[in-house]
Amino acid sequence: MSNAGEFPLWGALLVAFFVLLGASLTLIGTIGLARLNSFYERLHAPTLGTSWGTGGIVMASMIYFSISGDRLVFHEIFIGIFMTVTTPVSLMLLGRSALYRDRSEQNTENREHL
């Protein structure tokens, strides 16, 4: 399907919903990164925003290319799997390195809730 006029309305609405959902969740994560006070609080919001936001965009991409290509498209799932696996690992490594740094410097101002 090469003409945008041939794309069904229900497909366009579904794609638009998932794009807006993914973009909104990513925006919420970005706002959390900017508004939260300590480094440890800032780790959580962008991680969830990235994971769920990417999921929404991946779903929109799968739906769009499945409808426009007249076949099911699943290779975008690899992007979602990669983000789901790497985001918590990077969160854990960043958190542990910051905790190690704070303990070695005996800095307690960022670790009040730990």
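## Exercises on a predicted helical model

Leaving aside neighbours within four places in sequence, Thr87 touches Thr47, Thr50 and Ser51. The model is predicted.

**Exercise 1.** Place Thr87 in its helix and decide: is Thr87 buried or exposed?

*Solution.*
- Start with the helix. Thr87 sits in H3, which covers residues 77–105.
- Take the relative accessible area of Thr87, 9%.
- Compare with the cut-off: buried means under 20%. Thr87 is therefore buried.
- Add the partners. Thr47, Thr50 and Ser51 are in contact with Thr87, sequence neighbours within four places aside.

**Exercise 2.** Classify Val85 by its accessibility, then find the surface patch that includes Val85.

*Solution.*
- Val85 also belongs to helix H3.
- Its relative accessibility is 49%.
- Partly exposed lies between 20% and 50%, so Val85 counts as partly exposed.
- Now the patch. Val85 joins Leu72, Phe74, Ile77, Phe78 and Ile81 in a nonpolar surface patch of about 640 Å².

**Exercise 3.** List the residues of the largest nonpolar core. Which helix gives the most to this core?

*Solution.*
- The largest nonpolar core has six residues: Phe7, Val15, Phe18, Ala60, Ile63 and Ile67.
- Assign the helices. H1 (9–35) and H2 (39–69) each supply at least two of these core residues.
- H2 gives the most, with three residues.
- Look closer at Phe18. Beyond its neighbours within four places in sequence, Phe18 contacts Gly56, Ile57, Met59, Ala60 and Ile63.
- Ala60 and Ile63 are also listed in the core.

How values were computed:
Residues are numbered from 1 along each chain as its sequence is written. This is a predicted model: local features need pLDDT of at least 70, side-chain atom pairs count only at pLDDT 80 or more; totals for chains, interfaces and linings use all residues. Side-chain values use heavy atoms; hydrogens and water are left out. Helices (H or I, at least four residues) and strands (E, at least two) are DSSP runs, numbered from the N terminus. Buried means under 20% relative accessible area, exposed over 50%, partly exposed in between (1.4 Å probe, protein chains only). Contact means heavy atoms within 4.5 Å. Patches are made of residues with over 30% relative accessible area and no salt bridge: like charges are joined within 9 Å, nonpolar side chains (Val, Leu, Ile, Met, Phe, Trp, Tyr) within 5 Å. Accessible areas come from the Shrake-Rupley method with a 1.4 Å probe; for residues, only the protein chains shown count as cover. A salt bridge is a side-chain nitrogen of Lys or Arg within 4 Å of a carboxyl oxygen of Asp or Glu. A nonpolar core is a set of buried Ala, Val, Leu, Ile, Met, Phe, Trp, Tyr and Cys residues joined through side-chain atoms within 4.5 Å.
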